[in-house]
Amino acid sequence: MRILFFIMVLLLLNSLSTYSQEMGKRIYTTNKINIKDKAITIDGVISEPVWKTVKWEDHFMQYEPYEGAEPGQQTEFKVLYDDNNIYIAIKALDSYPDSIDTRLTRRDEMDGDVVGIQIDSYYDKLTAFSFLVNAGGVKTDMMMTNDGENEDPNWDPIWFVKTNIVKDGWVAEMKIPLSQLRFDKATDLTWGIQIARFLYRKQELSLWQPIPKDASGWVHQFGLLEGITGIKPKRQIELAPYGVASLDTYKKEEGNPFKDGKDFKLNGGIDGKIGITNNMILDFTVNPDFGQVEADPSQVNLTAFESFFEEQRPFFIEGKNIFNFSVSGLDGGDMGAENLFYSRRIGRRPHGYPTVNEGEYAEIPKFTSIQGAAKITGKTKKGLSYGILESVTAEENAEIDFDGKSRFETVEPMTNYFVSRVQKDFNKGKTILGGMLTSTNRRVNDTTLNYLHKSAITGGIDFTTTWKEKNYYFTLNTMFSHVKGSEEALLRTQTSSARFYQRPDAKHLTLDSSRTSMFGHAGSMSAGKQGGGHFNFGGLLTWKSPGFEINDIGFVRSTDEIVEVLYAGYRIWDPFSIFRSMNFNVAQWHAWDFGGVNLMTGGNFNFNTQFKNYYRFGTGINLSSQRLSNSTLRGGPMFKSPGRESTWGFLSSDDRKKLVFEVSSRFSWGNDQSSKSQSYGFELSYRPINTLRFSLEPSLSLSKQELQYISTTSFESDPRYLFGTIDQKLISLDFRINLNLTPNLSLQYWGQPFVAAGDYSSFKRITSPQADNFTDRFHIFSSGEIIYNENSGNYLIDENQDGNTDYGFDNPDFNFKEFLSNMVLRWEYRPGSSLYAVWSQTREGINPDGRFIMNEDIQNLFRISPHNVFLIKFSYRFSL
């Protein structure tokens with residue numbers, strides 16, 4: 001491994017690949033509006049005389065598809081400013097105005113013909129504020145950081161824009177309050193700017209400041225905006241109180257005082273954004289409500305590991321990039337989700353469950369209440385970026401009722417979450433040094449919750465440097481974790497699925513039932529070439545010690561791993577033959593544990609292309625060798641799993657058309673007939689008019705796994721690891737309707753029926769987990785050893801066949817059905833102020849029947865009594 005990594009670095013440092021020189025900077029000189037001039041009205045008509053005081057700037061160049069070529073249609077722009085705002089006029093000339101695409105979508109769902117401006121008002125060549133609009137008047141805004149590598153589309157500033165179709169094209173007129181930008185106080189200012197236009201029918205992106213396709217980074221390539229004098233940074237103070245009324249309806253449960261068929265609630269709170277200085281912003285929320293957010297998609301998880309769900313709550317997703325600290329340094333996949341901060345921990349479902357006796361009923365909170373949360377973010381003129389987040393969640397209690405008398409049990413303690421992040425850039429942003437520190441503190445007063453950590457601290461340092469126009473890079477980050485709690489809590493941590501300290505063959509691990517704290521570390525280092533030509537390559541080494549535990553406020557699926565990755569890619573971006581663009585990628589990886597055991601080797605190859613008719617096609621293959629798994633036996637010894645291969649592919653049609661489709665498939669098979677799976681997906685989208693879009697996305701998954709874990713028990717003081725062959729079928733259908741009556745008024749519906757069935761057979765126990773032959777690693781129970789008790793729903797095992805039951809397990813078969821739907825009417829009646837009307841419905845059921853009969857299952861799904869939620873949320877945003 002070390003030799004491979006060393007060779008990779010040598011190749012990196014001695015590469016003879018060419019790289020692009022920074023192109024000459026274009027300069028636009030603006031003008032300040034005199035107080036005597038007529039004020040600019042944002043109406044999409046560039047008619048005020050003051051616009052004539054600055055010139056129209058043009059000479060745009062293509063970025064896609066033909067880099068450096070003249071665009072199919074030219075674009076012009078002007079920029080003005082006063083003491084409070086910056087004004088931009090963009091004229092998108094078009095010889096065929098009837099072909100301008102004016103699609104209506106919700107904010108930040110960019111579609112159709114688009115123009116926009118990106119402003120580096122910090123002028124740090126790393127950060128940019130993007131303001132885009134399509135020809136239908138729909139806004140898209142985002143904040144770029146790390147030279148454009150990170151984009152935050154959830155940043156929603158207050159700004160104003162109008163568009164207008166004219167005889168020679170279309171016009172966008174913008175007003176951006178200076179309070180929405182970040183800049184330092186100075187007599188004369190220079191900002192970086194980029195003006196862009198996307199010509200939808202040709203899928204053509206043109207830029208005012210040309211940027212090479214092989215260039216690394218984005219913001220540092222911007223042109224310059226000069227002539228800004230005499231303006232002062234503005235402090236932003238915005239408050240948005242809100243009120244919510246909700247009604248839940250569901251099937252009444254006789255005798256249950258908590259389930260009378262309906263619940264009505266009133267709630268309220270306040271969100272705010274306060275500029276402590278122009279470059280330091282405080283965001284806060286008191287008693288937040290996220291009732292308008294879609295539910296997480298349905299899934300069935302039969303692994304030992306926790307599922308990861310994306311954050312959807314507005315307070316936590318806006319500005320989240322500053323709090324990003326990747327554990328592995330990888331993008332995508334299970335390891336790519338691992339991070340020191342996972343905001344879904346805040347307001348999560350309570351850990352505990354009350355003791356409910358016969359005849360008792362319990363009301364259990366679905367989520368932990370967030371009493372308040374605040375975050376401070378900013379950046380200094382010397383390149384120091386920082387973020388601090390603090391949140392407190394309430395103690396949650398379950399109410400248990402018996403014959404009209406109530407008692408309470410704590411299911412979640414009061415908890416404080418703290419996250420801090422700093423980054424300092426040097427050498428014009430080519431080198432970045434940063435750090436992060438988090439803490440979680442719980443007030444555990446109830447002994448039933450002693451299995452939770454009382455405190456957890458995590459932290460890390462990260463370093464990135466680039467050279468040769470940022471075409472080459474080296475990164476290094478290292479992290480630590482320290483958790484404290486009762487002996488019960490630390491024993492639970494040691495034996496959790498993330499590490500399994502109890503493994504009998506893990507000689508490098510010691511299970512200590514008396515410990516009350518645990519320390520761990522993790523990190524990664526990578527180097528490679530990311531620009532300056534068609535060919536890119538790199539390598540990465542990442543590790544997580546067995547004691548690394550960040551799941552109080554972060555997310556890590558598994559530890560005790562050292563992983564090495566080498567990869568290379570080749571890009572063709574100039575159209576040729578029938579192709580518009582093409583990409584090839586290849587990767588190889590290797591994994592060990594901290595005991596030095598070689599766990600696995602794998603690799604993949606993938607290819608994707610876009611044709612000149614705008615269709616796309618991609619395919620790939622993954623190969624994995626025989627591997628040793630620390631988790632298959634859920635705390636038992638390592639299990640030797642057969643290698644496997646998989647392949648995938650997709651084909652999508654021209655997304656400019658009214659009717660768009662995509663088909664995809666994946667096939668996987670394990671060696672020694674250990675497993676096989678196939679999945680199919682189809683997506684159909686239809687837009688009959690610019691304001692209406694339907695989409696339908698069915699999927700089907702079929703799999704058969706020879707070894708699926710069921711449970712662990714013991715016989716004659718020896719453990720028994722019980723498995724079965726599972727035949728699993730899954731079908732789901734995502735259906736969406738988006739109706740956009742205006743850029744600020746929309747109606748959206750999403751529905752998802754979901755059915756998953758697992759039929760177990762050929763039950764077995766593990767006998768020799770690392771035997772040479774796959775079939776020698778387990779013993780299949782004979783008919784004389786296993787019987788099914790229909791009355792109890794259990795399988796009974798008589799291993800020694802003496803006529804007595806030695807152990808048993810519950811019937812693992814399942815048929816899970818769920819229907820989720822969400823309809824949201826959203827009206828932004830003034831910038832930043834919204835009215836939501838929401839109807840959501842859930843139907844859910846499970847039974848121990850592994851059969852999958854699609855028509856019958858779908859019919860039965862809609863026979864399940866629904867749980868409906870009707871909600872109205874009103875917010876009013878005002879500035880001080």
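Strands here are DSSP runs of E with at least two residues, numbered from the N terminus. Keep that numbering in hand, and remember that this is a predicted model.

**Stop 1: the nonpolar patch**

Select F682. This residue sits in strand 37. Color it by accessibility and F682 comes out partly exposed, at a relative accessible area of 33%. That class applies because 33% lies between the cut-offs of 20% for buried and 50% for exposed.

Now add F617, L651, L659, V663, L684, Y686 and L696 to F682. Together these residues make a nonpolar patch on the surface. Their accessible area adds up to about 600 Å².

Which strands each supply at least two residues of the patch? Show strand 36 (659-670) and strand 37 (675-689) to see them. Strand 37 has the largest share, with 3 residues.

**Stop 2: the second largest pocket**

Switch to a surface view. The second largest pocket has a volume of about 380 Å³. Select K139, F160, V161, K162 and N744 to find its middle: of the 18 lining residues, these are the closest to the pocket's centre. Next, show strand 10 (160-166) and strand 45 (814-830), the elements that give two or more residues to the lining. Strand 10 gives the most, with 4 residues.

Color the lining by residue class. Expect 8 nonpolar, 4 polar and 6 charged residues.

**Stop 3: a cis peptide bond**

Go to E64 and P65. The peptide bond that joins them is cis, with omega at about 0°. P65 belongs to the loop that runs between strand 3 (61-64) and strand 4 (75-81).

**Stop 4: positive phi at Y614**

Select Y614. Its phi is near 75°, a positive value in a residue that is not glycine. Look for Y614 in the loop between strand 31 (598-611) and strand 32 (616-624). Is Y614 buried or exposed? Y614 is buried, because its relative accessible area of 13% falls under the 20% cut-off.

**Stop 5: positive phi at S717**

Move on to S717. Here too the residue is not glycine and phi is positive, near 70°. S717 is in the loop between strand 38 (692-715) and strand 39 (718-742). Is S717 buried or exposed? S717 counts as exposed, because its relative accessibility of 75% is over the 50% cut-off.

Conventions
Residues numbered from 1 in each chain as written. Predicted model: local features only at pLDDT ≥ 70, side-chain atom pairs only at ≥ 80, totals over all residues. Heavy atoms only, no water. Patch = residues over 30% accessible without salt bridge, like charges linked within 9 Å, V, L, I, M, F, W, Y side chains within 5 Å. Areas by Shrake-Rupley, 256 points an atom, 1.4 Å probe, with all protein chains shown as cover. Salt bridge = Lys/Arg side-chain N within 4 Å of Asp/Glu carboxyl O. Buried < 20%, exposed > 50% of the residue type's maximum accessible area, 1.4 Å probe, protein only. 1 Å grid on protein atoms, 1.4 Å probe; cavity = no way out; pocket = protein on both sides within 12 Å on 5 of 7 lines; lining within 4 Å. Points joined across faces, edges and corners; volume = space filled by probe spheres on them. Nonpolar A, V, L, I, M, F, W, Y, C, P; charged D, E, K, R; others polar.
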